[in-house]
Amino acid sequence: MEHTSKSEVLNQGVVVFIFLAALTALEFFVAIEIGSPVLLAMIAFVKVGLIFYYYMHIYRLNLQDENLDRHSYQYKLGSSRIGLWLFLLSDSFIFGGLFISRFNLLGLGPLPLASDSQYIALTITSVLLLSSFFMNRAEVSMEHGDRKGFIIGTSLTILLGLAFLVGVVVVEWPSAINAGVTPSSNAAGAVFFVMTGMHAFHVFTGVIFLSIVLRNGLRGLYSPEKHWAVESATVYWHFVDVVWVFFYSAIYLIGKLT
Amino acid sequence: MNRKLLVTGSAILAVFVLAAGVLVATRKPTLHGVVISPAAPAADINLTDSNGQPFSLSSQRGKVVLLYFGYTSCPDDCPATMAKLKLTMGLLGNLTQSVQVLMVTTDPIHDNAAQMKKWMTGFYPTFLGLMGTTDQLQQAYNAYGVTVEDDGDTHSTYLYVIDPKGDLRQTFDGPSMDPQDVADDVQTLLKGY
């Protein structure tokens, strides 16, 4: 646990969110006006770096202390963190495969989506980014014993996660199908539906995970010292956001201009 | 801790914004058709239009001219091209006044002024048909490398794009072109690129 005041950590979350939002806006501009895949990739990596460090606090993996009592909560927490990150790594291979297949099948060209897709995508991307912001606040609140803040943050995250799912499944998919992009129409259709579908499924499982955490939080099962479920749900949620940073770029931004 | 994040983050953001700014400032508009490079002055055409008035291509300076060769009883490529140009006009909003679509007849035996006017304005009110004597027409065909055979039934299907300065800039294959590409290029050319 960091030895910093709650307000300082919360402010840090705000600053990170502002940078992420600014980079997303810049990304959109670059895609529409310049179309440079290199610049888009660089921006995506910086966004992911910010999320990894400040929202997923990957540096906590370093806190594993081999001198601790093997039965202590702190020692088990360190092992759990390694386990969680190994799971995320293995999950990345699935997403990585889908990501590569997009470039293998379609090169750097655009997906033939409806023209309003661009704005739907920007909206749902913002929604997901905002959900990460609130999830960060929920976790920080729990770390500092603010149960109310945790409950509000988690609830907002779940609502925004559901809004994202509605955006993908109820708005974006029918819009794509209207434009003639179906899962079986061609390689672009298959890529589009399997990428957004696999990601939406992860958002869905994240919502379930968070709902359980919220329920247990309401029952008072977590404390500032012991809340691994909250931390793991948070890290998982941010991971789903990280995947979307790359997927958003790969599906909607790269090739937009050409 | 937050100060370091603010400073580093702002610096990285500034570098990206600067890079984007430089790229925007130095980008060149691209044309979507088969670009003629370097652009050459479009050969003048002196014919009679479908309103019965004498017409010369050089009088169209200041407009983007979309020039096509075809005939009104054409069953396939000509109406397909004109329909695409109609869609192009629909995409151009109030820029349509700065665009002139022309079709030089390849079938002077059957295409008279009334017939051409009816056919061309049927697609869009400002579309203009051009006619002339066989010699005058042959001169126009030669100037643009247009092949006309079988009394006009068989002809080249290129759309010639002439910029406001009167230079021939690019060609499209009329029946297969994308109206959005044509509209984008018209806008690019009207900006003086």
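A residue counts as buried here if 20 or more other C-beta atoms lie within 10 Å of its own, with C-beta atoms placed from the backbone. Keep that in mind as you look around this predicted model.

**Stop one: chain B as a whole**

Select chain B and colour it by secondary structure: you should find five helices and ten strands. Of its 193 residues, 35% count as buried. Now turn the chain to look along its principal axes; the C-alpha atoms fill a box of roughly 85 × 30 × 30 Å. Is chain B a compact globule or more spread out? It is more spread out, because its radius of gyration is 22 Å, well over the 16 Å that the globule rule gives for 193 residues.

**Stop two: the two domains**

Next, colour residues 1-30 of chain B as domain 1 and residues 32-190 as domain 2. The C-alpha centres of these two domains of chain B lie 45 Å apart. While the whole chain is still in view, think about its contacts: among those between residues at least 6 apart in sequence, 73% join residues at least 24 apart.

**Stop three: helix α2 of chain B**

Zoom in on residues 77-92 of chain B, which form helix α2. From first C-alpha to last, this 16-residue helix reaches 23 Å, close to the 22 Å expected at 1.5 Å a residue. Show the side chains of its buried residues: B:C78, B:T81, B:M82, B:K84, B:L85, B:T88, B:M89 and B:L92. They cover an arc of only 160 degrees around the axis, so they sit on the same side of α2(B). An α-helix has 3.6 residues a turn, so residues three or four places apart point the same way.

What do the buried residues of α2(B) pack against? Select β4 (64-70), β5 (99-105), α3 (113-123), β9 (158-162) and α5 (179-190) of chain B to see their partners. Then step just past the helix to B:G93, which takes a positive phi of about 60 degrees.

**Stop four: where the chains meet**

Bring chain A back. The contact takes 17 residues from chain A and 14 residues from chain B. On chain A's side, the elements giving two or more residues are α1 (6-34) and α2 (37-55). The largest share, twelve residues, comes from α1(A). Colour chain A's side of the contact by residue type and you get eleven nonpolar, four polar and two charged.

**Last stop: along α1(A)**

Follow α1(A) from end to end. Its end C-alpha atoms are 41 Å apart, which agrees with the 42 Å that its 29 residues should span at 1.5 Å a residue. After α1(A) comes A:G35, with a positive phi near 70 degrees.

Conventions
Residues numbered from 1 in each chain as written. Chains lettered and ligands numbered in written order. Predicted model: local features only at pLDDT ≥ 70, side-chain atom pairs only at ≥ 80, totals over all residues. Contact = placed C-beta atoms within 7 Å. Helix = DSSP H or I, 4+ residues; strand = E, 2+ residues; numbered from the N terminus. Nonpolar A, V, L, I, M, F, W, Y, C, P; charged D, E, K, R; others polar. Expected span 1.5 Å × (residues − 1). Rg over C-alpha atoms; globule rule 2.2 N^0.38 Å. Buried ≥ 20, exposed ≤ 12 C-beta atoms within 10 Å, placed from the backbone. Domains from an automatic or database assignment. Arc of directions from axis to C-beta.
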